[in-house]
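Q: I am new to this structure and would like to learn how to read it. Could you take me through a few features?

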Amino acid sequence: MKNAFKPMLVAVVCLGLAACASKEPAPTEPVEPEPTRPTTPPPVVDRVNPNDYSDPRNLTEPDSLLSKRVIYFDFDQSTIRSEFRAILAAHGEFLSTNPNYSATLEGHADERGTREYNLGLGERRANAVLGVLDVQGASGSQLSDVSYGEERPVSTCSEERCWSQNRRVEIVYTRS
């Protein structure tokens with residue numbers, strides 16, 4: 001029996017090893033196929049060029065000079081300051097290429113001076129802006145001016161930082 005036991009033991013060990021070797025591999029998670037890439041390019045976003053002063057979208061584009069529509073003045077002056085020349089050139093170009101737009105130039109003054117004087121000063125300021133826009137190509141029929149003098153202040157304190165904000169011309173656009 002000793003001789004029969006050895007071959008049986010060898011057979012059991014071999015069957016055990018064979019059973020381990022024939023084990024099926026562990027299931028793997030299914031691999032999802034890569035998504036197909038579109039064959040057409042994505043649509044081009046129509047970006048606004050902030051330097052295209054003929055484009056009406058630039059009236060609200062913060063990077064464009066057209067979005068700057070307030071021109072400030074020194075005390076008791078109606079002379080256009082040099083820092084506002086480029087802004088007015090942009091608005092002149094806009095008006096010359098967009099005849100369906102018109103602009104009202106609202107002149108303002110600070111509270112110092114009489115009511116009559118400030119109305120006159122606001123009008124002189126609005127006329128100064130009108131003159132520059134006219135030279136830049138805007139049509140006279142597109143431009144009108146009005147003076148509010150000291151009647152519509154942006155800031156109401158009685159010191160220079162407030163007064164300087166009230167000495168202005170606002171460019172207000174309308175579309176016909």
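A: Gladly! Keep in mind that this is a predicted model. Let us begin with helix H2, residues 85–97.

Q: How many Å should the 13 residues of helix H2 span, and why?

A: The expected rise is 1.5 Å a residue, so H2 should span 18 Å. Its end C-alpha atoms lie 18 Å apart, in agreement with that value.

Q: Which residues of H2 are buried?

A: Buried here means under 20% relative accessible area. In H2 that applies to Ile87, Leu88, Ala90, His91, Gly92, Phe94 and Leu95.

Q: What do the buried residues of H2 pack against?

A: Their partners are four strands, S1 (70–72), S2 (101–108), S3 (143–149) and S4 (168–175), along with helix H3 (115–135).

Q: What is the order of the four strands in the sheet?

A: Reading across, the order is S1-S4-S2-S3; the sheet is open and its pairing is mixed. S1 and S3 each have a single partner strand, so these edge strands have one side without a neighbour in the sheet. From one strand to the next, the twist averages 20°.

Q: How many bridges join S2 to S3, and do these strands run parallel or antiparallel?

A: S2 and S3 run parallel and are joined by six bridges. As a place to look, find His108, which stands opposite Gly149 in S3.

Q: Where do the helices sit relative to the sheet?

A: H2 packs on the sheet and touches S1, S2, S3 and S4, with its direction at about 20° to that of S4. H3 also lies across S1, S2, S3 and S4, and runs at about 155° to S3.

Notes: Residues are numbered from 1 along each chain as its sequence is written. This is a predicted model: local features need pLDDT of at least 70, side-chain atom pairs count only at pLDDT 80 or more; totals for chains, interfaces and linings use all residues. Side-chain values use heavy atoms; hydrogens and water are left out. Helices (H or I, at least four residues) and strands (E, at least two) are DSSP runs, numbered from the N terminus. The expected span of a helix is 1.5 Å times one less than its number of residues. Buried means under 20% relative accessible area, exposed over 50%, partly exposed in between (1.4 Å probe, protein chains only). Contact means heavy atoms within 4.5 Å. Two strands pair if DSSP finds at least two bridges between them. Axes are lines fitted to C-alpha atoms, for helices over the stretch in contact, and angles run from 0 to 180 degrees between N-to-C directions.
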